[in-house]
Amino acid sequence: MTKKALRAALVAMMLGVSGMGLSAPAIAEPMALLDRHGSRVAIEPYAPNIVRVTIALDKALAEAPPGPGPIAQSNANGWTHSNDGGADIFRSSALTVTVDPQPWPKAPSQMDRYFAPSLPPVTLSVHDAQGRLLTKMTGWEMAPHSVNGEQTFKVGASFDAPADEHYYGLGQNQEGMLDLKGREIDCKHYYDAPAGETVCVPFMVTNKGYGIVWDNPARTLIWPGLHSSTHWQSQVGERVSFFVISGTTTDDIYAGYAKLTGETPLPPKAGFGLIQSKARYESQQELLDVAKGYRDRGYPLDVMVLDWFYWTRMGQLDIDRTYFPDPRGMNDQLNAMGMRSIISVWPRFERESRYFDMLAAKGWLLKDKDGNPVDGLPVRYDRAGALIDSTNPEARAWFWSKIRNNILSEGFDWLWLDETEPDVIPEGYFFSIGSGDRYRNLFPLVHTGGVAEGSARDRPDFRNMILARAAYLGAQRNGGLFWSSDVKSTWEALRRQVPTGLNYTASGLAYWGSDIGGWQWPKGPPPQAPVLIDPAGMTAAGMDYVDYPELFVRWFQYSVFTPTLRIHGQRPDTELWTYGKAAEPILADWLRLRYTLMPYIYSLGRHTYDSGAPFMRALFMDFPNDPKVATIGDQYMFGPAFLVAPVTEQGQTKRSVYLPAGTAWYDYWTNQRYEGGQTIEVAAPIHRMPLFVKAGSIIPMGVQVKSTAERQALEAIRVYPGADARFTLYDDDGKTNAYRKGGIKADLVWNDQSRSLSSKTTLPSGQAIKGLVQIMGQ
């Protein structure tokens with residue numbers, strides 16, 4: 001067997017890349033393979049600002065390519081390798097990586113013999129182009145243990161952590177804090193996490209100009225900045241593998257993440273509008289009545305969602321014609337109203353369903369050690385169904401074909417892939433590629449990947465979108481809209497959403513939202529302050545939850561400034577008019593604001609596709625020179641213009657807002673100007689959430705439309721003076737993949753000195769700039 005063939009075989013056996021049917025990195029030699037007294041260290045550049053470090057005792061494992069998630073090819077162009085006093089030094093225009101020399105071990109003392117390290121030590125440092133230390137790896141570990149009948153190791157690495165370093169990302173953790181410093185992050189997908197579902201995306205960004213992508217899909221524990229050290233430990237593995245991505249700005253880091261793991265597609269424009277859902281619409285007529293209710297009231301709406309149990313049995317992959325007699329006709333009626341549809345499809349199959357025996361016989365279900373399908377969730381007394389093994393490319397292809405033929409053929413547009421954690425926890429069981437413990441966090445990547453690939457093949461000119469409940473490295477490339485799972489309908493849950501979403505987008509996945517109003521049945525403690533909205537006329541909850549309309553209004557205000565706007569919940573009603581007569585006009589105004597801002601928001605989506613950078617942004621991303629923002633998790637930027645300060649306390653009518661230093665700010669509601677670097681107290685009556693606009697901002701605003709299916713003209717282009725500004729206004733047909741080849745862009749440029757706005761190209765709407773410009777704060 002050739003060396004290349006041997007390495008390919010190791011990849012297939014140890015990392016599960018071969019045969020997965022998803023894009024995988026090419027097998028290539030690392031730039032250098034070093035020997036530190038038996039510890040093998042591979043240095044593998046991917047770009048001037050991206051380098052991979054792999055450490056193993058086995059040479060072939062050190063040389064093997066990354067595991068699932070990364071898809072880029074290594075590229076050492078512009079890198080050099082030299083040796084200085086035993087240290088190996090790797091340089092590019094952006095990074096210097098120094099693998100330290102290790103002296104020959106001295107004869108051990110009696111104490112050394114007892115506490116002798118089990119591995120030959122490896123230390124290394126990474127500096128930026130100016131020679132500034134980004135991070136220093138101080139050691140690595142391999143601790144043997146047995147997992148799921150497999151003799152393997154816990155593998156990890158430690159890094160120095162300066163006192164002023166802060167940490168963000170790592171997927172979804174709903175503990176309610178932005179900065180991860182000093183905490184234990186249990187990086188695994190876990191629906192039943194006490195604070196709300198956790199999602200593992202092992203990509204951590206710091207405020208020091210770098211991020212780390214940890215290359216291991218097993219459950220991983222991370223302790224960022226705890227006792228002056230950051231420690232990573234995966235529970236299954238035979239090597240340490242991680243990437244360092246540097247950047248002079250955080251956007252440089254996200255561009256590196258996109259290069260490494262895949263770009264973020266632009267969702268269809270409907271995905272930026274209101275998505276109306278409920279657990280669940282009982283019949284075709286109920287769903288159509290809700291859609292018509294929005295149109296009759298003149299409220300904009302883009303997507304209706306058909307959630308679970310529209311089928312005859314879990315795993316039938318059919319539609320119950322008793323309650324949905326004409327799904328094609330239903331979708332035709334939605335289309336005639338300018339709406340589209342999303343339908344929920346689950347990955348579980350009951351034993352009594354028509355496909356169970358076939359899937360079990362083919363081995364296409366998650367299995368126990370004896371090869372039997374794992375059926376149900378005894379931890380929650382849910383025994384309905386076995387999990388399809390989406391690590392198997394044949395199973396994925398079959399699953400897509402049945403969805404396409406049985407469900408999408410009835411006119412549904414997009415899929416909601418629920419339970420992508422998966423809910424049937426794979427620990428202790430087996431996928432086709434190996435142990436469920438070894439591949440603990442992989443399922444959401446391959447499950448959404450099978451649908452994304454099928455859609456691209458069978459609907460090549462139709463823009464894909466997938467509503468998904470979990471993610472992994474690279475899941476953004478599958479077109480996912482992610483959400484925070486089945487959170488409670490309480491003020492505490494709302495408070496936790498804000499930092500939760502900011503860390504999710506900081507993990508390189510731009511499209512995140514929450515079930516507006518919470519998913520769980522509305523139930524909360526009695527209000528502690530006077531209720532701000534009269535609940536009279538509410539049907540969404542019982543009258544014992546008198547402050548629920550107030551909670552829903554605050555949640556909706558916040559969600560207007562998140563990437564996706566989706567009402568959902570397990571309650572009698574969820575629609576805009578079901579929260580009482582006092583709440584409805586407030587909600588309607590905020591919904592109209594979302595559609596007014598559609599030209600701005602859709603342009604942000606295009607920028608994310610072009611750059612990889614999220615547009616719901618924790619403040620550390622845009623104000624790196626202001627140390628006060630490092631731990632602020634209850635405010636954020638929405639694109640380059642808006643500073644958003646959600647109201648998350650019951651009865652609250654004012655709140656403190658910190659205005660980051662280095663710029664001036666305008667109150668969106670009053671146009672009053674403030675200098676940055678100060679905390680101010682802002683009025684927040686129930687109809688208003690504090691919003692500020694950064695000086696030097698351009699905000700295109702559209703006329704009201706009933707949905708994004710209508711061509712939307714511009715009503716105004718607002719300019720907030722105080723600095724030069726530039727904004728790329730973008731538009732396209734909103735539904736095909738033609739955006740990948742272009743679309744219509746206009747670079748709007750504001751010259752603050754001459755107080756003029758110009759564009760060298762025509763606006764996407766065909767309108768002239770003159771007459772649209774509104775200079776604010778005058």
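UniProt positions appear here in the numbering of this structure, with feature names shortened, and such annotations may be inferred rather than shown by experiment. Please keep in mind that the model in these views is predicted.

**View 1. The annotated domain, residues 264–604.** An unreviewed UniProt entry carries the annotation "domain: Glycoside hydrolase family 31 TIM barrel" for residues 264–604. In the model, this span is 33% helix and 13% strand. Look for its two ends: their C-alpha atoms lie 12 Å apart.

**View 2. An open sheet of eight strands.** Following the sheet from one side to the other, you meet the strands in the order β28-β27-β26-β23-β19-β18-β17-β29, and their pairing is parallel. The edge positions belong to β28 (512–513) and β29 (565–567); each has a single partner strand, so one side of each is left without a neighbour in the sheet. For a closer look at one pair, find strand β17 (residues 274–276) beside strand β18 (residues 303–306), joined in the parallel sense over two bridges. Here Ile-275 has Val-303 of β18 as its bridge partner.

**View 3. Ser-344 in strand β19.** Ser-344 sits in strand β19, which covers residues 340–345. Is this serine buried or exposed? Ser-344 has a relative accessible area of 0%, and because buried means under 20%, it counts as buried. Once neighbours within four places in sequence are set aside, Ser-344 is in contact with Leu-306, Asp-307, Trp-308, Tyr-310, Trp-311, Trp-416 and Asp-418. Leu-415 is another residue to locate: Ser-344 and Leu-415 are separated by 71 residues in sequence, yet their C-alpha atoms are 6.0 Å apart in space.

**View 4. Helix α4 and the glycine that follows.** Helix α4 (residues 250–261) has twelve residues, which should span 16 Å at 1.5 Å a residue; the end C-alpha atoms are 17 Å apart, in agreement with that value. Its buried residues include Ile-253, Tyr-254, Tyr-257, Ala-258 and Leu-260. Many readers will find it handy to recall that an α-helix has 3.6 residues a turn, so residues three or four places apart point the same way. Just past the end of α4, Gly-262 adopts a positive phi of about 120°.

**View 5. Helix α5 and its packing partners.** The 14 residues of helix α5 (residues 284–297) reach 20 Å from the first C-alpha to the last, close to the 20 Å expected at 1.5 Å a residue. Which residues of α5 are buried? They are Gln-284, Leu-287, Leu-288, Val-290, Ala-291, Gly-293, Tyr-294 and Arg-295. These buried residues pack against β17, β18, α6 (327–336) and β29. Just after the helix comes Gly-298, with a positive phi of about 75°.

**View 6. Helix α11 with α10 and α12.** Two packed helices are described by the angle between their axes and the distance between the axes. For helix α10 (residues 491–506) and helix α11 (residues 548–560), the axes come within 10 Å and cross at roughly 10°. Angles under 35 degrees count as roughly parallel, and α10 and α11 are therefore described that way. At this contact, Trp-491, Ala-493, Leu-494, Gln-497 and Val-498 of α10 meet Glu-550, Leu-551, Arg-554, Trp-555 and Tyr-558 of α11. Now turn to helix α12 (residues 583–596), which packs with α11 at an angle of about 5°, their axes 10 Å apart. This pair, α11 and α12, is also roughly parallel. Among the α11 residues taking part are Phe-552, Phe-556 and Val-560, while the α12 side includes Ile-586, Leu-587 and Trp-590.

**View 7. A three-stranded sheet with helix α13 across two of its strands.** This open sheet has the order β40-β41-β42 and antiparallel pairing. β40 (725–731) and β42 (756–758) are the edge strands, and each has a single partner, so one side of each lacks a neighbour in the sheet. On average, neighbouring strands of the sheet are turned by 20° against each other, direction ignored. Seven bridges link β40 to strand β41 (residues 744–751) in the antiparallel sense. Two facing pairs help you find your place: Phe-727 stands opposite Leu-748 of β41, and Tyr-730 stands opposite Lys-745 of β41. Although β40 is an edge strand, five of its seven residues are buried, so β40 is largely enclosed by the rest of the structure. Helix α13 (residues 598–611) lies across β40 and β41, and runs at about 95° to β40.

Notes: Residues are numbered from 1 along each chain as its sequence is written. This is a predicted model: local features need pLDDT of at least 70, side-chain atom pairs count only at pLDDT 80 or more; totals for chains, interfaces and linings use all residues. Side-chain values use heavy atoms; hydrogens and water are left out. Two strands pair if DSSP finds at least two bridges between them. Helices (H or I, at least four residues) and strands (E, at least two) are DSSP runs, numbered from the N terminus. Axes are lines fitted to C-alpha atoms, for helices over the stretch in contact, and angles run from 0 to 180 degrees between N-to-C directions. Contact means heavy atoms within 4.5 Å. The expected span of a helix is 1.5 Å times one less than its number of residues. Buried means under 20% relative accessible area, exposed over 50%, partly exposed in between (1.4 Å probe, protein chains only). Angles under 35 degrees count as roughly parallel, over 145 as roughly antiparallel, 65 to 115 as roughly perpendicular and the rest as oblique.
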